[in-house]
Amino acid sequence: MPQILIERLNPVQAALLESRDQEKNLYLSGRLMASEQKNLNQRIYPRNEIDKAVVLINERAKAGEYVAGELNHPDNLSIDLKNVSHIITEAYMDGDNAIGKCKIMSTPSGLIVKSLIEGGLKLGVSSRGTGNVTNEGIVEDFNFVTVDIVAQPSGPGCYPDVVREGMETLMPKAMDLYEEIRNDPKAQKYFKSEVFKFLEALKGNK
């Protein structure tokens, strides 16, 4: 039976780059998955397995059915829409690495990502999928689901560097968020809960 496979790339390994488009949407781009090398889970993904995931990402993006990811990842394959922080807009293979670009959404989880980046925190990524693992640790029949944003990821060499393409800071965004939730107790409670959960995750990865 295929097993759930969760592979993390820490901030240095993911090397995510920050950029903004003309509409000032925030993007992170960098290494999403690595192949042909043993990761922290002692598994090796052949290049052709990662290449299939890249093809899937681009096919879905072309059809307007972007792959959505979450802030932190659950231990299952379901994507919880209330926790979505980004969508993967494109991907390509660069040698043995899958390089991708993620658009950060203006959702509660996406706004947390923006605030963390603005505060100088380096973020990593974590892929989710299923597959079979041989006795030698080789992953076969990899069924890619998504890539999440995490504090302390598992693939080698996936930490992002931040490069700005605009002068805008997050303060206006933070004020917009304040205006949006200040009269909504439920939104305030949810946002506070998500911030604390992420801070707890950071502690757990020290």
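**Warm-up: a lysine in a loop**

Task: Is K24 buried, partly exposed or exposed in this predicted model?

Solution: K24 has a relative accessible area of 47%. Partly exposed covers what falls between under 20% and over 50%, so K24 is partly exposed. Next, place the residue: K24 is in the loop between strand 2 (17-20) and strand 3. Then check the backbone: phi of K24 is near 65°, a positive value in a residue other than glycine. For context, most residues other than glycine have a negative phi.

**Exercise 2: a glutamate to go with it**

Task: Work out where E36 sits and what its phi is.

Solution: Start with location: E36 belongs to the loop between strand 3 and helix 2. Now the torsion: phi of E36 is near 60°, which is positive, and the residue is not glycine. Finish with accessibility: at a relative accessible area of 43%, E36 is partly exposed.

**Exercise 3: taking the core apart**

Task: Which residues touch the most other members of the largest nonpolar core, and which strand gives the most to this core?

Solution: The largest nonpolar core has 32 residues, and M33, I88, F142 and F144 touch the most other members. Elements that each supply at least two residues of this core include strand 1 (3-9), strand 3 (26-34), helix 2 (47-62) and strand 8 (139-150). Strand 8 gives the most, with five residues. As background, nonpolar side chains tend to be buried together in soluble globular proteins.

Now zoom in on F142. Skipping residues up to four places away in sequence, F142 touches L5, M33, Y45, E49, I50, K52, A53, G129, T130 and G131.

**Exercise 4: the threonine next door**

Task: Is T130 buried or exposed, and what does T130 contact?

Solution: T130 lies in strand 7 (residues 124-133). Its relative accessible area is 14%, so T130 is buried. Leave aside neighbours within four places in sequence, and the contacts of T130 are P2, Q3, I4, L5, L77, D141, F142 and N143. F142 turns up there, just as T130 turned up among the contacts of F142.

**Exercise 5: a threonine with a polar partner**

Task: Which backbone oxygen does the side chain of T146 reach?

Solution: First, find the residue: T146 is in strand 8. Second, check burial: its relative accessibility is 0%, so T146 counts as buried. Third, look for the partner: the T146 side chain reaches the backbone oxygen of A68 at 2.6 Å. Last, fill in the surroundings: beyond four places in sequence, T146 touches V67, A68, G69, I79, S126, S127 and R128.

Notes. Residues numbered from 1 in each chain as written. Predicted model: local features only at pLDDT ≥ 70, side-chain atom pairs only at ≥ 80, totals over all residues. Heavy atoms only, no water. Core = buried A, V, L, I, M, F, W, Y, C linked by side-chain atoms within 4.5 Å. Buried < 20%, exposed > 50% of the residue type's maximum accessible area, 1.4 Å probe, protein only. Helix = DSSP H or I, 4+ residues; strand = E, 2+ residues; numbered from the N terminus. Contact = heavy atoms within 4.5 Å. Polar contact = N/O pair within 3.5 Å; in protein donor to acceptor, adjacent residues only side chain to side chain.
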